[in-house]
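Hi,

Here is the structure I promised to pass on. Have a look at it first, and then read my notes below.

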Amino acid sequence: MVLLDLFWTFLLIGSVSFGGGYAMIPVIEMEVSQHGWMTTQEFTDVIAVAGMSPGPIATNSAIFVGYQTAGLSGAMVSALGMVIPSLLIILVIAAFFFKFNELYIVKSAFYGLRPIITGLILYAALTFAITNNVIGELSWHTVSLLIICGFSFFALMKLRLHPIFVIVLAGVCGIVLY
Amino acid sequence: MKTNRKYLLQIFLSFFKIGPVTFGGGYAMIPIMEKEVVEKRNWIDTKDISEILAIAQSVPGAIAINSATFIGYRLAGTLGAIIAMTAVLLPTFLIVVALSILFIFVQDNPYVESAFVGIRAAIVGIIAFAAYKIGITAIYDKTTLSIMIISTALLFFLDIHPVLIIIVGIGMSILIVKVKRLLGYTIKLERNDK
């Protein structure tokens, strides 16, 4: 049953979604394509729309995938799956050990977890680059996409443009060029 | 602790109105939430906020939703946590569902199709920038650099499930820190540690 499947999948993802939403992109992508809910390219569009929506990107992506797969109830079970693990963990921490983040064992876990999260996000960028022809056979199409990609990175880092603005600008470039 | 209905409703409304005004990831919601619960409502002290944020960041899930859940618990226990979490999530949920419906309608439009060719390339840049930002705080010695390279390679070449990498990675990390300490190495657990 697809609703139960969505719920379990996002419950699993919700339990390990450390380090900001972007780290969960490859996890959601892998689950979504393994279940046959979406292709990687369709999922890139999910990230685009999730990035344009207010709120956390991983939760937004889960809601979007849920809606596209099984309508409103799909969106609801996916959102619940994402937040229930956090809720339970927070209730336990708030009730028993408030200084959780200062525990030595938690700090040692994050020493390795942070680079793993970096690796996950890098991997997400690579996979998306390949499926969307940003990296691929040399052609003017690929080069122009690479320029858009490179400029987006530059605009975020040096010009400190807002991601939404970058997305809109890239959309306009797309309409003009392709 | 007051747990009457009016108080719970007030918690709900305070968190509910934070959602729709913030774009660009959960972090954008934090200053607005802070203003609401610290300055306007006087529910939480400024010094407690940074502690709540630190914890919200170290448990799984979106930082904005986690912070709201935590503050909700502080205000009215388990029920408060559930109410604050639902309230902060609900507007986002409705907006994303609305955008999903809109997207289904317009995705076959030729202009939208070409716009998305450009947008997909920008998304790659945006994700790469996210990696760069977290990389600056995450990678600062040989061990952290190796962990990053190994996990990227495992994902890319062996198709190992990311959840497995995260879970095994947490165990490995605790072990590595222990072994390094035993061998007498000094180890900085955070970039800014002395």
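How many salt bridges are there between chain B and chain A? The count is 1 salt bridge, where a salt bridge means a side-chain nitrogen of Lys or Arg within 4 Å of a carboxyl oxygen of Asp or Glu. The partners are B:Arg120 and A:Asp45, with their closest N and O atoms 2.7 Å apart.

Before going on, some housekeeping. This is a predicted model, in which local features need pLDDT of at least 70 and side-chain atom pairs count only at pLDDT 80 or more, while totals for chains, interfaces and linings use all residues. Residues are numbered from 1 along each chain as its sequence is written, chains are lettered from A and ligands numbered from 1 in the order in which they are written, and side-chain values use heavy atoms, with hydrogens and water left out.

Now the interface itself. 92 residues of chain B are in contact with 96 residues of chain A (contact means heavy atoms within 4.5 Å). Between them the two chains bury about 8500 Å², and carbon and sulfur atoms give 80% of that; buried area is the accessible area (1.4 Å probe) that two parts lose on being put together, summed over both. On the chain B side, the residues that lose the most area to chain A are B:Pro60, B:Arg120 and B:Ile127, together 8% of what that side buries. So B:Arg120 turns up here as well as in the salt bridge with A:Asp45.

One helix pair spans the two chains: H6 of chain A (residues 140-157) and H5 of chain B (residues 110-138) cross at roughly 45°, their axes coming within 8 Å. Helices here are DSSP runs (H or I, at least four residues; strands are E, at least two), numbered from the N terminus. Axes are lines fitted to C-alpha atoms, for helices over the stretch in contact, with angles from 0 to 180 degrees between N-to-C directions. H6(A) and H5(B) are therefore oblique to each other (under 35 degrees counts as roughly parallel, over 145 as roughly antiparallel, 65 to 115 as roughly perpendicular and the rest as oblique). Among the residues that meet are A:Leu145, A:Ile148 and A:Phe153 from H6(A), and B:Ala121, B:Val124 and B:Phe129 from H5(B). By class, this contact has 14 nonpolar, 4 polar and no charged residues (Ala, Val, Leu, Ile, Met, Phe, Trp, Tyr, Cys and Pro are nonpolar, Asp, Glu, Lys and Arg charged, and the others, Gly among them, polar).

Chain A has 7 helices and 0 strands, and its C-alpha trace spans about 60 × 40 × 25 Å along the principal axes. H1 (residues 2-16) packs on H2(A) at an angle of about 160°, with the axes 11 Å apart, which makes H1(A) roughly antiparallel to H2(A). A:Thr9, A:Phe10, A:Leu12 and A:Ile13 in H1(A) touch A:Val27, A:Ile28 and A:Glu31 in H2(A).

H2 (residues 25-34) also packs with H3 (residues 40-52) of chain A, at about 140° and with axes 10 Å apart, so that pair is oblique. A:Ile28 appears again here: with A:Ile25 and A:Glu29, this residue meets A:Thr40, A:Phe43 and A:Ile47 in H3(A).

Last, back to salt bridges: the structure holds 5 over all chains. One joins B:Lys40 and B:Glu36 (3.9 Å, N to O); both residues lie in H2 (residues 30-40) of chain B, 4 residues apart, about one turn of the helix.

Cheers
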